[in-house]
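User: I would like to learn how to read aromatic pairs, burial and strand pairing in a model. Could you take me through them one at a time?

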Amino acid sequence: MDMRFSSNLKKLPRLNQTTNMSKKRTCAVVGNSGVLLNSRCGYLIDSSDLVIRMNLALFGGEFAEDVGLKVSLMTLNSDQYRNLMNCTHNYGNVTLDGLPRLCSRQLKGLSRMNGSVLWYFGSMAHNNRMKTALAILRDFYNLHFGFAYSPAEIKSQVHKVLKLRAPSTGVSVYAAATHFCSQIQLFGFFPFYKDPTNRTLFAHYYEDAKINYTTNIHYMPDEFRVLLELDKRGALRIVNDCRGKWNNDILRAKFKGYKHLKGDELGDYDVNLIG
């Protein structure tokens, strides 16, 4: 497979491997919060002109009704990148069913991409292992996806504009989407342990995982506060329930008056901040 990498934006066009992203009217940026499980948001996500998903999340299949079937771009973070390196290095000649659980899940997600694009934040100009891994994934497993990476550091720009300490992939993807999307809806952005109906949530809709949101490097409650304000201003729309059982006004009431939510204000892991 002919894959060439460049370390900066000036060199990329010379390789004749760049594609301009056309302007889209509606875009869905799909996060991975457990709030999407049983949300019935799949149809709304799939109705968007462009769908961006994150960090090799599973979609379609058993999750189709809640998160949809469509994908245009799928992000890959450094953790998944390292996992893929290990999977393709150690298990490059094993069928999907014979892989360890993590490798199998990642490859299953990639197999559902159907010609869309895998997107990595960061330069890979001299990363020969990544080139090899992508060749194995696309050729040996007969997976069909393009590949894009961002030589410009997106997260540092988001830090400057939104004043967030360590922007997450989700917020960074939203910032990037503002360049080619007229209307942006965010799904699965919800850093809490229970929803307003008192339903207990896991960190991800596709697995039983837990995250301490207040000790996480991204400090997601602060991010969510910023996103709620952008939602109020009409810069985006946050959607986490498509059944009509609750809306974002409930959440704004809980955030009113908070400049920075601290761990003791959120309480222990099983305390319901917003219920």
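Analyst: What follows goes from ring pairs to burial, and then to the strands and a helix. This is a predicted model, in which local features need pLDDT of at least 70 and side-chain atom pairs count only at pLDDT 80 or more, while totals for chains, interfaces and linings use all residues. Residues are numbered from 1 along each chain as its sequence is written, and side-chain values use heavy atoms, with hydrogens and water left out.

User: How many aromatic pairs are there by this rule, and what is the rule?

Analyst: Rings of Phe, Tyr and Trp (its six-membered ring) pair if their centres lie within 6.5 Å; planes under 30 degrees apart count as stacked, over 60 as edge-to-face, and the rest as tilted. The count here comes to 6 aromatic pairs. For Phe190 and Phe192, the ring centres are 5.2 Å apart and the planes stand at 75°, so this pair is edge-to-face. Phe190 also pairs with Trp246, in a tilted arrangement with 5.5 Å from centre to centre and 50° between the planes.

User: Which parts of the chain does the pair of Phe190 and Trp246 link?

Analyst: Helices (H or I, at least four residues) and strands (E, at least two) are DSSP runs, numbered from the N terminus. Phe190 lies in the loop between β6 (181-187) and α8 (220-233), and Trp246 in the loop between β7 (237-239) and α9 (248-255), so the pair links distant parts of the chain, 56 residues apart. Ring pairs join Phe190, Phe192, Phe224 and Trp246 into a cluster.

User: Are Phe190 and Trp246 buried or exposed?

Analyst: Buried means under 20% relative accessible area, exposed over 50%, and partly exposed in between (1.4 Å probe, protein chains only). Both Phe190 and Trp246 are buried, and Phe192 counts as buried at 4% relative accessibility. The buried residues of α8 include Phe224, Leu227 and Asp231.

User: How many bridges join β6 to β7, and how is such a pairing read?

Analyst: Two strands pair if DSSP finds at least two bridges between them. β6 and β7 run parallel and are joined by 3 bridges, while 6 bridges join β6 to strand β1 (residues 24-30), again with the strands running parallel. Gln185 of β6 is the bridge partner of Ala28, and in β7 the bridge partner of Gln185 is Arg237. Of the 7 residues of β6, 5 are buried, so this strand is largely enclosed by the rest of the structure.

User: What should the 14 residues of α8 span?

Analyst: The expected span of a helix is 1.5 Å times one less than its number of residues. For α8 this should be 20 Å, which agrees with its end C-alpha atoms being 20 Å apart. Just after α8, Gly234 takes a positive phi of about 90°.
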